[in-house]
Amino acid sequence: MAALCNILLRAKRRWCILSLAGWRRQQQSCGCLLSTSALRRTEFYDDPVAAVQDIPDGATLLVGGFGLCGIPENLIGALLKTGVTDITAVSNNAGVDNFGLGLLLHTKQIKRMVSSYVGENAEFERQYLAGELEVELTPQGTLAERIRAGGAGIPAFFTPTAYGTLIEEGGAPIKYNRDGSIAIASEPREVREFNGRHYIMERGITGDFALIKAWRADRAGNVVFRKTARNFNQTMCKAAKVTLVEVEEIVETGSFAPEDVHIPSIYVQRVVKGRHYEKRIERLTLRKPGDDQPKATTEADIVRERIIRRAALEFQDGMYANLGIGMPMLASNFIRPDITVHLQSENGVLGLGPYPLEGEEDADLINAGKETVTVLPGASFFSSDESFAMIRGGHVNMTMLGGMQVSQFGDLANWMIPGKMVKGMGGAMDLVASADTKVVVAMEHTAKGVHKILEKCTLPLTGKRCVNRIITDKAVFDVCKDKGLTLIEVSEGVTVDEVQKSTGCDFTVSPSLQPMSQV
């Protein structure tokens, strides 16, 4: 019976809208729709399938969420039932293998992903490398700004993000052939110079439909988000012809104070009350009472902790800082108790606190590594485009990241091994793009004996001449974009000669060389 219903539903959809082109022509040519658009009211649905049944094959969908936080679970499930195909999905990432947009990847309903991060979705990475899926990797902040621009009627803009990388140069693989060669490559970007800096042109993004997850909507169609579930959802609401919002609760008009509305009703065409929410947590991360610092046990842990404890000395009182996944984030465990550091996370939170105790975790409150977190008094939540305005605008004093390779003049590579490993750049390209932000790279000095600090990076760049300091298990280097590396600290028991042998380029030794400090 269910199969018959699906067939009839799909037939109805095809009968009503023969093609995406026809649907778009209908939207453009129907003068009555244009002339009465100001009189349209938000429509409310009980059934998510009914809300999405007119989405045609080949549609471009803006899908909100960050990791699994704030994803439109019910609307994604409805697309599985309608069977719509050849989707171009614009979304920061594609969930995980068996949840979120990962479900539509498994059923091969998605033709192209426009994303910043592949992450740990093995099927996403497999389809891309096997040539089964088109993937347009876009820096996270650029993706957010492209969507914001599209929704604001701005066709293009210039950004410093990704200058000197594959994104600017073109040739990044969008689709592979089965033999591993590139079938579709990205186009080069236009470059212009403003005030002595180089910027690349990016085009705005709009969608046919936006699939959004919010917390509450009122009967007027106004929408409110909860904590970090706001992320890309708020921006995407404004950039589609038709915006569908699934919510946990529908309240009466007037329940929200006007100043508390996150998205006004003018952007919302359809609201669906979600029937069920799993709200799966991608990385449940907890702390134990009294356990504020990690315990190093293995040799690898000891090496990592040496880097982390040195990295923690970079924090200064009153600083606004963004910390990457892994060792940079762990450095926050060693912030000195006599200083205050405001931690910003690119998924839309300022004022990160420690990991939660068991029972305190909240699926709507995560960091950029998709880990459960808490916030401190005075914290704030905001959308992804707002987050990257802080970052690109130089309002974040320091960003700390990991690295695969760093060159002697500060080039950074940390997002891709062509044809083998693609995790995506996430927000890293944006984080290193501001001239006013100190960039610190914390990483192991070598990888299985192979140099990671080189004369020139051999992997695709994240940023060009952007790194200010390198912290490894053996040494600390200051980086001058014109003169190269200066060794300023060496680890206990390590000689300058050992550092030289482990480093793939020349460097200068500071006359004030010191032992590596530790928190």
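The protein chain exposes about 22,400 Å² of surface, and carbon and sulfur atoms supply 51% of that area. This is a predicted model. Its average pLDDT is 92. Of the residues, 91% score at least 70. One stretch stands apart for its low confidence: over residues 29-38, pLDDT stays under 50. For that stretch the model has 3 contacts beyond four places in sequence.

Now the overall form. The C-alpha atoms fill a box of roughly 75 × 50 × 50 Å along the principal axes. The radius of gyration is 24 Å, which agrees with the value near 24 Å for a compact globule of 519 residues. Inside, the secondary structure comes to 15 helices and 31 strands. Buried residues make up 54% of the 519. Consider the contacts between residues at least 6 apart in sequence: 71% of them join residues at least 24 apart.

Charge comes next. The chain carries 58 positive and 62 negative charges. The mean positions of the two sets are 5 Å apart.

Turn to helix α13, residues 384-392. Is this helix largely enclosed or exposed? Here 7 of the 9 residues are buried, so the rest of the structure largely encloses the helix. The buried residues are S384, D385, S387, F388, M390, I391 and R392. Charged side chains are thus named alongside F388, M390 and I391: D385 counts as negative and R392 as positive.

What do the buried residues of α13 pack against? Their helical partners are α8 (140-151), α10 (233-236) and α14 (428-431). Strands β6 (156-159), β15 (320-323) and β16 (342-345) also pack against them. Just after α13 comes G394, with a positive phi of about 80°.

Finally, look at N98. Where does N98 sit? Its place is in the loop between β3 (87-90) and α6 (102-106). N98 has a relative accessible area of 47%, so this residue is partly exposed; the exposed class begins over 50%. Leaving aside residues up to four places away in sequence, N98 touches L103 and R280. L103 falls within the range of α6 (102-106). E123 is another residue to locate from here. N98 and E123 are 25 residues apart in sequence, and their C-alpha atoms are 9.3 Å apart in space.

Conventions: Residues are numbered from 1 along each chain as its sequence is written. Side-chain values use heavy atoms; hydrogens and water are left out. Helices (H or I, at least four residues) and strands (E, at least two) are DSSP runs, numbered from the N terminus. The radius of gyration is taken over C-alpha atoms; the globule rule is 2.2 Å times the number of residues to the power 0.38. Buried means under 20% relative accessible area, exposed over 50%, partly exposed in between (1.4 Å probe, protein chains only). Contact means heavy atoms within 4.5 Å. Accessible areas come from the Shrake-Rupley method with a 1.4 Å probe; for residues, only the protein chains shown count as cover. The place of a charge is taken as NZ of Lys, CZ of Arg, CG of Asp or CD of Glu. pLDDT is the predictor's confidence in each residue, from 0 to 100.
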